[in-house]
Amino acid sequence: MNPVLQVQGVSKLFGDRAILCGLDLELPADSTTVLLGANGTGKTTLMKLVLGLERPDSGTIRVAGLDPMRDASAVRARVGFVPDRPDVYSWMTPRELFAFLRPQYPRWNRTIESRLVERLSIPLRTSFATLSRGEAAKTMLVAALAPQPDLYLLDEAFSGLDPLVRDDVLAAFLAEIDLSGRAALIVTHELDLAARLGDRIAILANGRIAACKSIEELCGVDEGGGGGGDQPRRLKQALSDVLEGSAA
Amino acid sequence: MNWNVDPGADKPPSQQIVALILDALARGEIESGAQLPSVRQLAAQALVNHNTAARAYRDLEQAGVVRGKNGLGVFVTDAGPKIARGLRRDETLREFARIAGEALRSGHEPRALVALLSKISERKSA
C-alpha cells in the first residue's frame, strides 16, 4: 500500500537560514507517528509544507499521492489539521466554523461532529474570542476528526489543557479517530503523550528526521516481549542521544 | 473497571492492559462469555493508541483467554477465567518469590515475613 504521506528530500529556507534540509519521512497507512524535536527545529514548518501553506525550496511531498502545491484544495480536503493555536476569526462560533468547513470536506461526517460536540460539551454559540483555551482546542479537534481525513496532523493539540480536560479530549480523540488506510502525525513535547499515542517516534534535528523507529524498538522490547517499560524516560534518553549525536 | 495505564511503569502499556484484564477475570469481575470493549473503546478508556489495544487483545487471544468474533466483538472464552487465574497466579508467585528473596537478603527474618503474610491475609479476609 502507498504511504499516506511521503516527504522526500525536502528543504526549506527562511532568508538564508535553512529550517529543513533534505528531510525524508513516510507515514504508512494504519499508523500514528509522533514527531519530537526541540523548539524551533521546523516541526510546524513541516506541517505547513504538507498542507501546501508553504512552498518547499526543493524536494517532493505527496499526500495520498497528491502534490500539496499543485492540488492544494484536494490535499486540504484530505487532511484534518489541528494547529497549535486556533487559526479562526475571533468573532466566529464553533457552529459557524463547522458550517464554513463542511462544504470543503466531501467526507465530513455530521454524526461524528454532533457526537463529539455533545461528548466534549462544546458551546456552539460562543465566539472564539470568549471560548476557553480548552473549549477552543476541543473545537479544533472536532474540525479535524469530522472530515474523516486520510491524514491527521496535530500540532500540540493536547498541550496547555488541565490534566482532567486533557484526558477527556484524548479519550474522545481515540474513540473517534479512524486509522484504517489512514495515518496520523502528532507533534508534541509531552513524552507521556508521545508514548501513549505513537506507534512510531520520529525525531527532528538539524532539518532532518534523525531517527524514526517503532516505539517497541526505541523502548527496548526484547524478543520474548519483555522489557519495553519506562517509556517516557526512554524517549527522553533517545531524544538526547539523537540531539547530542547530531550536534557532534 | 479501571483501565488506567501508565507508560512510565515497568511494563509496556499493552502488557499492562493484559494484566488488568487477567486480574479482572481472576477475581471474577468478568465472566466467561462476556463481551469486552471494542479495540477503539479500549484504546479510548486506557488512553493508548489503537494498535496497543489491539496488541493486548492479540496476546490474550493467543493465551486462549478471549476470542474475536468477526464483526461482533471480543468475547471471553469458556476457559478464559481459568487460564487467567493460572497465568496471574504463576506471574504473581514468581514476583513474590523474587521480592521474598530480596527481603531475606536485606536482613529480614523468615519468621517476620511469615507473620507479615498472615497479617495481610487476615486483613484481606476481615
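Student: What makes E2(B) and strand E3 (residues 73–76) of chain B a pair, and in which sense do they pair?

Tutor: In this predicted model, two strands pair if at least two bridges are found between them. E2(B) and E3(B) have 4 bridges and run in the antiparallel sense, so the criterion of at least two is met. Within this pairing, Arg67(B) stands opposite Phe75(B) in E3(B).

Student: Why is one side of strand E1 (35–36) and of strand E2 (66–69) of chain B left without a neighbour in the sheet?

Tutor: The sheet is open, with 3 strands in the order E1-E3-E2 of chain B and antiparallel pairing. E1(B) and E2(B) stand at its edges with a single partner strand each, so one side of each has no neighbour in the sheet. H3(B) lies across E2 and E3 of chain B, and its direction makes about 115° with that of E2(B).

Student: Which strands stand at the edges of the open sheet in chain A?

Tutor: That sheet has 6 strands, ordered E5-E6-E7-E3-E8-E9 in chain A, and its pairing is mixed. Strand E5 (79–82) and strand E9 (208–214) of chain A are at the edges, because each has a single partner strand. From one strand to the next, the twist averages 15°.

Student: What makes strand E3 (residues 31–36) and strand E8 (residues 200–205) of chain A a pair, and in which sense do they run?

Tutor: E3(A) and E8(A) are joined over 4 bridges in the parallel sense, so they too satisfy the requirement of at least two bridges. Across these strands, Leu36(A) has Ile203(A) in E8(A) as its bridge partner. Helix H1 (residues 43–50) of chain A packs on the sheet and touches E3, strand E6 (151–155), strand E7 (183–187) and E8 of chain A, while its direction makes about 150° with that of E6(A). H5(A) also packs on the sheet, where it touches E5 and E6 of chain A, and its direction makes about 170° with that of E5(A).

Student: How do you know that the radius of gyration of chain A agrees with that of a compact globule?

Tutor: A compact globule of 248 residues would have a radius of gyration near 18 Å, and chain A has 18 Å, so the two agree. The C-alpha atoms of chain A fill a box of roughly 55 × 40 × 35 Å along the principal axes, and 43% of the 248 residues count as buried. Of the contacts in chain A with a separation of 6 or more, 69% are accounted for by residues 24 or more positions apart.

Student: Which residues have the most contacts inside the largest nonpolar core?

Tutor: The core has 94 residues, and those with the most contacts inside it are Leu5(A), Leu141(A), Leu153(A), Ala194(A), Ile201(A) and Ile203(A). Helix H5 (residues 133–145) of chain A supplies its largest share, 7 residues. Leaving aside neighbours within four places in sequence, Leu141(A) is in contact with Val82(A), Ala157(A), Val169(A) and Phe173(A).

Student: Why does Leu47(B) count as buried?

Tutor: The cut-off for a buried residue is 20 or more other C-beta atoms within 10 Å, and Leu47(B) has 23 C-beta neighbours inside that distance, so it counts as buried. Leu47(B) lies in the loop between H2 and H3 of chain B, and although it is not a glycine, it has a positive phi of about 55°.

Student: Why is Asn206(A) called partly exposed?

Tutor: A residue is exposed at 12 or fewer other C-beta atoms within 10 Å and buried at 20 or more; Asn206(A) has 16, so it falls in between and is partly exposed. Asn206(A) is found in the loop between E8 and E9 of chain A, and its phi, near 50°, is positive in a residue other than glycine.

Student: How many residues does each chain bring to the contact?

Tutor: Chain B brings 15 residues and chain A brings 21 residues. On the side of chain B that touches chain A, helix H2 (39–46) and helix H3 (50–62) of chain B are the elements that give two or more residues. H2(B) gives the most, with 4 residues. That side of chain B divides into 7 nonpolar, 5 polar and 3 charged residues.

Student: Which residues of H2(B) are buried?

Tutor: They are Leu42(B), Ala43(B), Ala44(B) and Ala46(B). The buried residues of H2(B) pack against helix H6 (163–176) of chain A together with helix H1 (13–26) and H3 of chain B.

Note on methods. Residues are numbered from 1 along each chain as its sequence is written. Chains are lettered from A and ligands numbered from 1 in the order in which they are written. This is a predicted model: local features need pLDDT of at least 70, side-chain atom pairs count only at pLDDT 80 or more; totals for chains, interfaces and linings use all residues. Two residues are in contact if their C-beta atoms, placed from the backbone, lie within 7 Å. Ala, Val, Leu, Ile, Met, Phe, Trp, Tyr, Cys and Pro count as nonpolar, Asp, Glu, Lys and Arg as charged, and the others, Gly among them, as polar. The radius of gyration is taken over C-alpha atoms; the globule rule is 2.2 Å times the number of residues to the power 0.38. A nonpolar core is a set of buried Ala, Val, Leu, Ile, Met, Phe, Trp, Tyr and Cys residues joined through C-beta atoms within 7 Å. Axes are lines fitted to C-alpha atoms, for helices over the stretch in contact, and angles run from 0 to 180 degrees between N-to-C directions.
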